[in-house]
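Got your viewer open? Let's take a walk through this one, one selection at a time.

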Amino acid sequence: MPALLEARDLVKHYGAVKAVDGVSFTVEPGICFGLLGPNGAGKTTTVEIMEGITPATSGQVLYQGEPAGARFREDAGVQFQKTALQEFLTVRECLNLFHSLYARGTDLEEIIRTCALEKLVDRDNRKLSGGQQQRLMLAIALVNDPTVLFLDEPTTGLDPQARRNFWDLVRAVKARDKTVILTTHYMEEAYFLCDVIAIMDHGRIIAQGSPEKLLKEHFDDVIIEVPREDFALDPAAMPFHVLSAKEHIEISTANVEATLRYLMEARVPIQRVRIRPRNLEDLFLELTGKELRA
Amino acid sequence: MRRMLAVWHARNLEFLRDKGTLAWNLLLPIALVVGLAIIFGGPERPLFKVGVLHAGGEIDQSTHPFLATHYVEFFSARSESDAVRKLSRHQMDMLLDLRGTPRYWVNTDAPKGYIVEKLLLETDPRGLKREEVTGKAVRYVDWLLPGILGMNIMFSCLFGVGWVVVRYRKNGFLKRLRATPLRAIEFISAQVLSRLILTMLVTVIVFVGLRLMLDFPMEGSGALLLLVATLGSIAMISIGLFVAARFTSEELAGGVLNVLTWPMMLLSGVWFSLEGSAEWVQWVAKIFPLTQMLDAARAIMLDGAGFTDIYPQLVFLVITSALFLSLGAALFRWRAD
């Protein structure tokens with residue numbers, strides 16, 4: 001049984017720049033697959049090759065075991081980072097337009113309800129807020145009842161509340177057996193939505209797996225954070241590994257009790273000390289030596 | 001078909017709701033024609049113009065005493081049929097034939113023809129052979145009107161398609177359509193159809209409105225005129241699509257469209273007849289679809305030309321459309337980069 005979608009050794013050159021440099025992965029049905037990486041890592045180019053928007057320099061995209069073609073276009077739903085629609089068209093007219101472009105359709109009223117657009121259907125699409133606009137773009141991506149849904153940085157530029165609402169929406173869509181391919185540079189988003197992630201940097205995938213598995217593979221410690229102003233010791237003289245000494249002193253430790261005891265004995269106030277597990281941001285730093293949002 | 005109609009419908013809505021542009025498309029040609037009719041509608045210079053058919057290269061004044069008359073401009077007429085046609089349109093006041101037995105033509109509908117005939121008979125009371133033609137005067141506005149309508153079609157089609165498609169590409173709307181099953185030919189056909197139908201609608205409304213206001217002549221078939229306007233519009237839309245096939249900057253596309261429209265506006269005979277202008281200008285003008293469209297439209301409206309008379313112009317417009325539509329479709333690009 002072939003994978004639902006497979007990228008085989010995708011390469012994309014823009015002149016001398018290798019935007020995508022030999023990317024391969026498979027996507028099983030029903031999962032949310034996340035491409036995580038900083039801006040310029042090659043995430044968008046990779047998904048646009050998969051969507052058939054950008055031709056690859058070399059490599060192949062397979063859909064249900066066959067080269068992705070006309071059938072794939074009918075089955076895929078796409079939400080770009082940024083899309084403009086036609087001027088003067090209402091939300092409903094935009095949906096009708098895209099609905100008519102597919103042989104297979106789904107109930108538009110249901111999509112309108114799912115994406116909470118009921119009160120906006122007669123509004124000019126240019127008069128929507130950022131969050132409303134993204135909900136409309138998601139609705140447009142759903143008009144053909146897609147098997148595979150591509151979401152390219154769908155929450156970039158949204159406020160935290162709108163982002164959280166959008167995540168709930170994506171989860172609701174995923175619950176209907178849709179396969180989702182998501183690109184993001186928010187590790188929180190990837191962690192919250194994705195079953196499998198591939199971390200990209202410089203056009204290559206540098207790690208791949210479920211977020212929990214990747215974290216378990218790379219880390220056996222936790223992080224203790226102490227506000228800088230509470231920390232009178234010399235970080236270099238600590239018997240523990242200090243990861244960062246910026247706003248917070250970040251101490252990596254596998255033994256929380258021993259570390260806390262050491263800090264208390266050194267008269268470091270522990271009221272504002274925070275203990276957190278390792279996250280994908282740490283993983284990225286570990287793998288590349290740089291911060292994800294740098 | 002369903003996909004093409006959906007894109008066509010959406011484009012129509014976008015156009016019709018853009019009230020500013022719609023009003024501009026309707027009012028500009030009316031304002032131009034009416035304004036120019038007022039400016040150029042006054043009395044002409046008090047001079048009689050007499051065409052002369054004669055032997056030799058120049059008019060020889062000694063061949064007839066009438067040729068010495070003051071305040072009458074005598075000029076060589078090219079051919080008898082052309083000169084008679086001009087006389088019937090009041091573009092000259094009399095035609096004198098001195099090649100054999102002297103004879104003359106006069107337009108019995110023209111007051112100036114009556115007076116200039118009196119002058120002729122004053123100088124030559126023997127009586128010359130008299131021929132009559134009839135026909136109402138063609139005013140400048142009658143001649144100008146097809147030019148203005150043609151110019152409006154040109155701007156509407158070239159900019160309406162060229163500019164809009166480049167904007168779609170620049171803002172990513174084309175890229176979004178690319179992610180659907182829509183094919184380039186369906187998208188292009190929808191743009192051609194939408195712009196064609198809306199342009200024809202606007203042109204017919206303006207034509208009918210001006211007819212009621214100005215009572216200009218319409219000698220030939222309305223259906224044939226509609227065919228000329230339709231083929232002319234398709235040719236212009238095709239050129240617009242060709243220009244828009246690759247550009248991603250509205251400024252650049254606008255510049256190229258200006259480079260195309262200005263020579264047509266000046267050299268296709270919108271404002272004045274090219275007769276008498278340099279040979280090369282007339283030759284260059286012939287390759288412009290606007291020239292072909294206006295020649296055919298004026299022939300139908302002013303001379304009552306039929307299908308066979310304007311056949312060459314129709315063929316030219318069809319070939320122009322086929323050429324630029326094919327190039328536009330072949331070069332068409334969805335993405336901005």
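Start by selecting chain A: of its 294 residues, 39% are buried. Keep in mind as you look around that this is a predicted model. Chain A has 10 helices and 14 strands, and its C-alpha atoms fill a box of roughly 70 × 45 × 35 Å along the principal axes. Turn on contacts if your viewer can show them: among those in chain A with a separation of 6 or more, 70% link residues 24 or more positions apart.

**Stop 1: a sheet in chain A**

Color the strands β2, β1, β4 and β5 of chain A, and you'll see an open sheet of 4 strands in that order, with antiparallel pairing. Which strands sit at the edges? They are β2 (17-27) and β5 (66-67) of chain A, each pairing on one side only. Now add helix α1 (residues 43-51) of chain A, which packs on the sheet and touches β1 (5-14), β2 and β4 of chain A. The direction of this helix makes about 120° with that of β1(A).

Zoom in on β4 (residues 58-63) of chain A, which pairs with β5(A) over 2 bridges in the antiparallel sense. Show L62(A) here, and you'll find P67(A) of β5(A) standing opposite.

**Stop 2: a strand with two partners**

Next, select β11 (residues 222-227) of chain A. This strand is joined by 6 bridges to β13 (residues 248-253) of chain A, and the two run antiparallel. β11(A) also pairs with β14 (residues 274-277) of chain A, again in the antiparallel sense, over 4 bridges. In general, strands of a sheet pair through backbone hydrogen bonds, so show the backbone atoms for this stop.

A good residue to click is I224(A). What stands opposite I224(A) in β13(A)? That's I251(A). Over in β14(A), the residue opposite I224(A) is I275(A).

**Stop 3: where the chains meet**

Bring chain B into view. Here 19 residues of chain B are in contact with 21 residues of chain A. On the chain B side, the elements giving two or more residues are α1 (2-17) and α6 (173-178) of chain B. Select α1(B) before anything else, as this helix gives the largest share of that side, 7 residues. Color by class and the chain B side that touches chain A splits into 9 charged, 7 nonpolar and 3 polar residues.

**Stop 4: a bare strand in chain B**

Staying with chain B, select β5 (residues 129-133). Buried or hardly covered? β5(B) is hardly covered, with 0 buried residues among its 5. Its partner to select is β4 (residues 103-107) of chain B, which is joined to β5(B) by 5 bridges and runs parallel with it. Click V106(B) and look across to E132(B) in β5(B), which stands opposite.

**Stop 5: a helix pair in chain B**

Finish with α11 (residues 289-303) and α12 (residues 311-331) of chain B. Their axes lie 9 Å apart, and the helices pack at an angle of about 150°. That angle is why α11(B) counts as roughly antiparallel to α12(B). The crossing of α11(B) past α12(B) is left-handed.

Now show the side chains where they meet. From α11(B), pick P289(B), Q292(B), M293(B), D295(B) and A296(B); from α12(B), pick Q313(B), L314(B), F316(B), L317(B) and T320(B). By class, the residues of this contact come out as 6 nonpolar, 3 polar and 1 charged.

Note on methods:
Residues are numbered from 1 along each chain as its sequence is written. Chains are lettered from A and ligands numbered from 1 in the order in which they are written. This is a predicted model: local features need pLDDT of at least 70, side-chain atom pairs count only at pLDDT 80 or more; totals for chains, interfaces and linings use all residues. Two residues are in contact if their C-beta atoms, placed from the backbone, lie within 7 Å. Ala, Val, Leu, Ile, Met, Phe, Trp, Tyr, Cys and Pro count as nonpolar, Asp, Glu, Lys and Arg as charged, and the others, Gly among them, as polar. Two strands pair if DSSP finds at least two bridges between them. Axes are lines fitted to C-alpha atoms, for helices over the stretch in contact, and angles run from 0 to 180 degrees between N-to-C directions. Angles under 35 degrees count as roughly parallel, over 145 as roughly antiparallel, 65 to 115 as roughly perpendicular and the rest as oblique. A crossing is left-handed if the near helix is turned anticlockwise from the far one by less than a right angle, and right-handed if clockwise. A residue is buried if 20 or more other C-beta atoms lie within 10 Å of its own, exposed if 12 or fewer, and partly exposed in between; C-beta atoms are placed from the backbone.
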